[in-house]
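Subject: Structure for your files

Dear colleague,

Here is the structure you are taking over. Please open it alongside this message, as the notes below refer to individual residues and strands.

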Amino acid sequence: MHALELQDITVSSAASSTPIIDNFSLQVEAGECVVLCGESGCGKTTITRVINGLVPEFYDTLALSGDVKHFGNSIKEQTISDVAKNVGSVFQNPKSQFFNLDTSNELIFGCENLNLDREEILKRAEQTIAGLNLKNLVNRNIFELSGGEKQRIACGSIISMRPKILLLDEPTANLDYESIEILKEMLLNLKSLGYTIVLSEHRLYWLEDLADRFIYLQSGKQLGTYTFNELYHKSEQELSEMGLRSMNVAALFENLNWITERKRWELCKLNDKKNTQKSLEITLEDVSVAYQNTPVFQLPKLSFSGGSIIGIVGENGAGKTTFINTLLGFMKHQGTIRENQTVLKKKALNKGGFMVMQDVNQQLFSNTLMNEVLLGTDASKEQAQELLEKLGLASLEERHPASLSGGEKQRVAVASALLSNKRMIVFDEPTSGLDRKSLEQFCAEIKELSSPDNLIFIVTHDIEVIFQLVDFILPCSKYKE
């Protein structure tokens, strides 16, 4: 008996004649880890939603044929409560699955819904906190956490329930290198205990020794099955043609660690830009930010020259998002921020900046993709269409933004930023949901956007983006007296 079996699954929508998932079958054994991979929109997330019953139970506009079995039991014969006992899901956007205001109650919420004894709930919570190294995140306001910290709490809340099948949709999207290693160790432990793990991922390099199989999808169809070594030994050209990210980034991490371990809150040059006439300079002097009387950072002096692309890096909770919120006038700060010789107050900082948020769902407002990218800009429809064509979104311009995949939503937000014509443009984890093709296209577009009249900041844990795109690195670190 298989732990998980999908039999001839087809998922379709009345909005399209092409199936989202086309006759997909899969068998997964207990203790096996399977990875769904492929370009954005290929159907990875939809398959996870079929496995946990969200399609068609929640996404009732989608039609489903075929069958899903958990340990031999058809999902058609199970209640949602039955499914929840066997299948735990960590979504790409962890905020969408939170039910509490504080982290401690969130970690035990699922166990309470399973009606477990108090002693068992507390025991599981303690084990999860220790196993995921969450001690510094307990008794915290969830809305004060960084994106990566929220991801870790979401993982913890599901793992506390001890589901036999664990689904994770882009679990490393907002995690730093250390957190990814912690996640991997946790999953290896769960796998050794017989848990069945299904991952949807773009970043594949960290899955060595964990993944048993990689299921390669294209346009809703399964085109191949690979081991880690088979993918690792493919050339970069082959991986690129498949739309898969690089499998060998160890040397890049070594270079980044060498920089960030020695320089904290200092601007470190990676690339030289030639023939750049600097007409813009942003300078921070004695700028400090505190949250609830706790210092986040204190910067004596820091300057950025126009035409630069700056990567903001550091561990989860180091102050990266707080720093860019300060630049854009969203945070109260002490000290002075100048544009050339002009002191910028909050209103001027707001007016001069554009931010692509870590959770792009928070900034999608219009009823069509085209209306969304034109919102608040002076760009023409022709300019927008040309950009959407470059970003691979031209065929979706009449779609509602909420109906797009995570990677497609991310590209919509990127398109809005490219059309905004602001002096300071900030991207907060812009490539977390992007496949290789979209990542490379993003880098190309940002380079084209960069000019002496603007500054571009990239807050990221994505090692490929750092070394493909940025000119300078600003390593952030948690405040120490």
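What follows is a short account of two regions. Please keep in mind that this is a predicted model.

Strand 7

Strand 7 covers residues 165-169, and five of its five residues are buried, so the strand is largely enclosed by the rest of the structure. Buried here stands for under 20% relative accessible area. Both faces are covered: L166 and L168 lie on one side, with I165, L167 and D169 on the other.

Strand 7 has parallel pairings with strand 6 and strand 8. Strand 6 (residues 87-90) is joined to strand 7 by four bridges, and V90 has L168 as its bridge partner. With strand 8 (residues 196-200) there are five bridges, also in the parallel sense; here L167 is partnered by V198. Helix 7, residues 177-192, belongs to a right-handed β-α-β unit together with strand 7 and strand 8.

The open sheet

Further along the chain, an open sheet is built from four strands in the order 13-12-15-16, with antiparallel pairing. The edges are strand 13 (294-305) and strand 16 (342-343); each has a single partner strand, so one side of each lacks a neighbour in the sheet. Helix 11 (residues 320-327) packs on this sheet and touches strand 12 (281-291), strand 13 and strand 15. The direction of helix 11 makes about 60 degrees with that of strand 13.

At the strand 16 edge, two bridges join strand 16 to strand 15 (residues 334-339). In one pairing, R338 has V343 of strand 16 as its bridge partner.

Regards

Methods. Residues are numbered from 1 along each chain as its sequence is written. This is a predicted model: local features need pLDDT of at least 70, side-chain atom pairs count only at pLDDT 80 or more; totals for chains, interfaces and linings use all residues. Side-chain values use heavy atoms; hydrogens and water are left out. Two strands pair if DSSP finds at least two bridges between them. Contact means heavy atoms within 4.5 Å. Axes are lines fitted to C-alpha atoms, for helices over the stretch in contact, and angles run from 0 to 180 degrees between N-to-C directions. Buried means under 20% relative accessible area, exposed over 50%, partly exposed in between (1.4 Å probe, protein chains only). A crossover is right-handed if, with the strands pointing away from the viewer, the path from the first strand over the helix to the second runs clockwise.
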